[in-house]
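Biologist: I am new to this structure. Please take a close look at the core, and begin with how far the model can be trusted.

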Amino acid sequence: MKVPSVELAKQRPRNSLLNGVRKHAWHYGFVMPMLVLFALFTVWPIIGSIYYSFFDWDGVGPPTRFVGFANFKELAFDGYYWNAFVNNYIFALSHVIIQYPLALIVAVILNNAALKGRNVYRLLVFLPVITTTAIIGLIFNILLHPVGGSMNAVLTGLGFQPVNFLGSPTLALPTAIVISIWKNIGVTIVYWLAALQTVPQELIEAAKIDGATRSKILFHITVPLLTPLAAVILLLTFVGSLHPFDLIKTLTNGGPLFASDVVDTYVYRYAFSPDMNLPRYGLASAGGLLFGVTVMIITILQAPFLRKAGKNLNT
Amino acid sequence: MIKKAVGVVPHIIFIPVVLLWCYPFLWLVSSAFKTQREMLMGGANLIPQEFTLENIQRAWVQARFATYFLNSVFITCSVVIIIIVVSAMAGYALGRGNMPGRKWIVLALIITMFLPKGTTIIPVYELIHSLSLNNTYAAVILAEAGPANIMAILLFMGYFSNIPKELEESAVMDGAKFLTIFSKVMLPLTKPVIGTVTIFNFIGSWNAFLIPLVFTLAKPHLRTLGVGMYSFFGEFSADWAGFAAGALISVTPTIIIFLFFQKYFIEGLSGAVKG
């Protein structure tokens, strides 16, 4: 039966969802592959890692031994876990404290149009970024080797004692941090360069004509305009340095004596390392989850600042 | 004259810094061509006393870098193609379609962006296992390409939503269908985004370590270059010269790709920050 147009108009609210779906069939079809992969490889892993963390499970067959919060309790009293946990945050915060401002300085230098060959410099800054982290870890193993490594050849050549950078419990983590900053700073530099380019050139030209000095331009125009993006870059730098698995695994494997152990290497050891007796997926999942939750909390705490930043940017 | 001299000053400071910065790479290139005997002597010297191609050959043949190289090429290309197709389609639908639920999908994507990846490798491993794909190429490819590439989706979304409506409307007037509009009119316009997504994911996948490591633990012949490097320290008990040669083989393609696509790399990152 044909529905008169007046009736159709009345029915619209009820059928709007169905109509919407039909009208946008192509659009839904186009999102589908992404949604399927998203469900399988993003959503399920998040749910799965929460689910597994409540089981005592060696990965053979489906998890059956539900243990409640026993894994978390075990972690809470595991000094090795907290060691990895603290190391992980020291690692990430060092990037925020060192890499973040250092990258800004380099970006300001590279943003200066008067500097000749800045494209070459920019390219070289990127060299470590695009290199396989695992290879970087192994290269530095050789360069910092106490016997025959270049670094120690230079040190002894200058009359210093050789230093076992990666074999010393006090130096291993700081060394890993320095290498990681060297490796990743290029990304933060590009973030800053992008932010610097949002500062309208006309504004700076106008200020120059009005006789503003360089420092005045920097502090009265560039910095205020950069602040909202600076918050975004801060978060990106922090989040980007939270899982240094590749570097730590190849550089020190968490050693010596767990001095450079991070959560990812701790989790890997319990889940995939053949030196351990049986894999403990439940405990490993709990370890990753606990760390992930703290990261989420920190990110959420930053959200109001970011939202404010976003608003400032739009006005 | 004075101005010219002043222009040189920064370079006098920068060049030593740059040389130190690049030392690991200079070391890599020089060590790859040094003899094993010279490597054993150690030192920071960068010029090989005796130039040899033996290490490259040893890495390529004995250490199976030929296999690892092909594995890396195959896996990386597959990952990049899957990500481009999936995220371009999703970005198009989310950027131009005003369908119900669109906002929720975008919100869900953004929320997951902040979750660390370390927690998810075990469920992904179990998923691949239950699909009986463990120790196959498909396992590595799916595990790398599967997790929603949020940056890529958002880049495509932003780019598609900024294309003027008139363009689409005139294509509709000409009688073009949805698929034609997408593939012939819209997609070609997103070349910068395709470039950005390609270079990021090429580098990401070529350099991937944890996923190929975990999924090829039992099948060394499926290893990628990144994981294969590792075996140098076992099988050949710290063959430094061989390692350097292998590392050079692994690193060269990314550098070449980067040189070609660097414009997209930088524009892409810039776009991500400016949001």
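Modeller: pLDDT is the predictor's confidence in each residue, on a scale from 0 to 100. Helices (H or I, at least four residues) and strands (E, at least two) are DSSP runs, numbered from the N terminus. This is a predicted model, in which local features need pLDDT of at least 70 and side-chain atom pairs count only at pLDDT 80 or more, while totals for chains, interfaces and linings use all residues. Residues are numbered from 1 along each chain as its sequence is written, and chains are lettered from A and ligands numbered from 1 in the order in which they are written.

Confidence comes first. The model scores ipTM 0.83 and pTM 0.84. Chain A has a mean pLDDT of 84, with 90% of its residues at 70 or more. Within chain A the lowest mean, 58, belongs to helix H1 (residues 5–23) and the highest, 93, to helix H4 (residues 79–110). Residues 1–11 of chain A have a pLDDT below 50, and beyond near neighbours in sequence this stretch has one contact in the model; a contact requires two C-beta atoms, placed from the backbone, to lie within 7 Å. Where pLDDT is low, the predicted coordinates should not be read in detail. Chain B averages a pLDDT of 83, and 91% of its residues score at least 70. Among the elements of chain B, helix H15 (residues 232–235) has the lowest mean, 63, and H5(B) the highest, 93.

Now the core. A residue is buried if 20 or more other C-beta atoms lie within 10 Å of its own, exposed if 12 or fewer, and partly exposed in between, with C-beta atoms placed from the backbone. A nonpolar core is a set of buried Ala, Val, Leu, Ile, Met, Phe, Trp, Tyr and Cys residues joined through C-beta atoms within 7 Å. The largest such core has 148 residues, and those touching the most other members are A:Met34, A:Ile139, A:Trp192, B:Ala90, B:Tyr92, B:Ile153 and B:Phe156. Helix H5 (residues 65–96) of chain B supplies the largest share of this core, 14 residues. Leaving aside residues up to four places away in sequence, A:Met34 touches B:Val86, B:Ser87, B:Met89, B:Ala90, B:Ala148 and B:Ile153.

The contact between the chains takes 72 residues from chain A and 65 residues from chain B. On the side of chain A, helix H2 (residues 25–52) of chain A gives the largest share, 18 residues. That side divides into 50 nonpolar, 19 polar and three charged residues, where Ala, Val, Leu, Ile, Met, Phe, Trp, Tyr, Cys and Pro count as nonpolar, Asp, Glu, Lys and Arg as charged, and the others, Gly among them, as polar.

Burial can also be followed by chain and by helix. Of the 315 residues of chain A, 38% count as buried, and the secondary structure of chain A comes to 13 helices and two strands. In chain B, helix H12 (residues 191–206) is mostly covered, with twelve of its 16 residues buried; among them are B:Val193, B:Ile199, B:Phe202 and B:Trp206. The end C-alpha atoms of H12(B) are 22 Å apart, which agrees with the 22 Å that its 16 residues should span at 1.5 Å a residue, taking the expected span as 1.5 Å times one less than the number of residues. Helix H10 (residues 165–173) of chain B is hardly covered: zero of its nine residues are buried. H10(B) is followed by B:Gly175, whose phi is positive, near 90°.
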